[in-house]
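User: I've got a new model open and I want to know what the labels really rest on. Take me through them, cut-offs included.

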Amino acid sequence: MINIDSQSRRWYDKDPVLSKAMKILETSDDKFQIQMAINLIKIIIEHHIQDNEYASVDDILNAFEEGKSEKGNERWYDIDHTLRTAIQMLENCSPDMQGKIAQDIANFVTQKLKDDEEDLDI
């Protein structure tokens, strides 16, 4: 039997929904990536508040600072500071939280694609 974890190149490839959402984000234009990064930060904060993991503004600011760590510039999301921060905040979440957030990302991407299609129909 093949162990998926040993074959995953990237941390987010362990969850199929998260992996697909990240692939869509990676291949999206810069404007959409920044828009998604801002929404991703918001989604992460909302989930942590719902789970009572953030009890104060200081908790939110600390999580944001942890997401700003400088790991390098080789990854596709390192091209923009906001995008890198959002992805690193997501990486710092528990696997269970990542799964919940992945579904929110997928819903956001789906809605954005529908909105874009409707704009083209006008």
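Analyst: Let's start with salt bridges: the label needs a side-chain nitrogen of Lys or Arg within 4 Å of a carboxyl oxygen of Asp or Glu. This is a predicted model, where local features need pLDDT of at least 70 and side-chain atom pairs pLDDT 80 or more, while totals for chains, interfaces and linings use all residues. Residues are numbered from 1 along each chain as its sequence is written, and side-chain values use heavy atoms, with hydrogens and water left out.

User: What makes the meeting of Asp-13 and Arg-10 a salt bridge?

Analyst: Their side chains come to 2.9 Å, N to O. The pair qualifies because that N to O distance is within the 4 Å limit. A network of salt bridges links Arg-10, Asp-13 and Glu-26, and a search of the whole structure finds six salt bridges.

User: Why is Asp-13 called buried?

Analyst: Buried means under 20% relative accessible area, exposed means over 50%, and partly exposed is in between (1.4 Å probe, protein chains only). Asp-13 has 18%, so it goes in as buried. Its partner Arg-10 has 25%, so Arg-10 is partly exposed. Across the protein, buried residues make up 35% of the 122 residues.

User: Which side chain meets Asp-78 in a salt bridge, and at what N to O distance?

Analyst: Arg-75, at 2.7 Å. Asp-78 has a relative accessible area of 6%, so it's buried, whereas Arg-75 has 23% and is therefore partly exposed.

User: How do you know that Lys-42 and Glu-46 form a salt bridge?

Analyst: Their closest N and O atoms are 3.9 Å apart, so the pair still passes the 4 Å test. Both residues lie in helix α3, four residues apart, which is about one turn of the helix. Glu-46 has 37% relative accessibility, so it counts as partly exposed.

User: What makes something a helix, and how many does the protein have?

Analyst: Helices are DSSP runs of H or I with at least four residues, strands are runs of E with at least two, and the numbering starts at the N terminus. By that rule, the protein has six helices and zero strands, giving the pattern α-α-α-α-α-α along the sequence.

User: Why is a set of residues called a nonpolar core?

Analyst: The members must be buried Ala, Val, Leu, Ile, Met, Phe, Trp, Tyr or Cys, joined through side-chain atoms within 4.5 Å. In the largest such core there are 29 residues, and Leu-40, Leu-90, Ile-101 and Ile-105 touch the most other members. α2 (16–26), α3 (30–50), α5 (81–91) and α6 (95–121) each supply at least two of its residues, with α3 giving the most, eight. In soluble globular proteins, nonpolar side chains tend to be buried together.

User: Which residues does Leu-40 touch?

Analyst: Contact means heavy atoms within 4.5 Å. Setting aside residues up to four places away in sequence, Leu-40 touches Ala-86, Ile-87, Leu-90, Ile-101 and Ile-105.

User: How do α2 and α5 pack?

Analyst: Their angle is about 175°, and their axes are 14 Å apart. Since roughly antiparallel means over 145 degrees (under 35 is roughly parallel, 65 to 115 roughly perpendicular, the rest oblique), α2 is roughly antiparallel to α5. The axes are lines fitted to C-alpha atoms, for helices over the stretch in contact, with angles from 0 to 180 degrees between N-to-C directions. At the contact, Leu-18, Met-22 and Leu-25 in α2 meet Leu-83, Ile-87 and Leu-90 in α5.

User: What classes do the residues in the contact of α2 with α5 fall into?

Analyst: Six are nonpolar, none polar and none charged. Nonpolar covers Ala, Val, Leu, Ile, Met, Phe, Trp, Tyr, Cys and Pro, charged covers Asp, Glu, Lys and Arg, and the others, Gly among them, are polar.

User: Where is Asn-52 placed, and why is Asn-52 called exposed?

Analyst: Asn-52 is in the loop between α3 and α4 (57–67). Its relative accessible area is 65%, so it's exposed. Its phi is near 60°, a positive value in a residue other than glycine.

User: What is Asp-51 in contact with?

Analyst: Leaving out neighbours within four places in sequence, Asp-51 contacts Met-97 and Lys-100. At 32% relative accessibility, Asp-51 counts as partly exposed.
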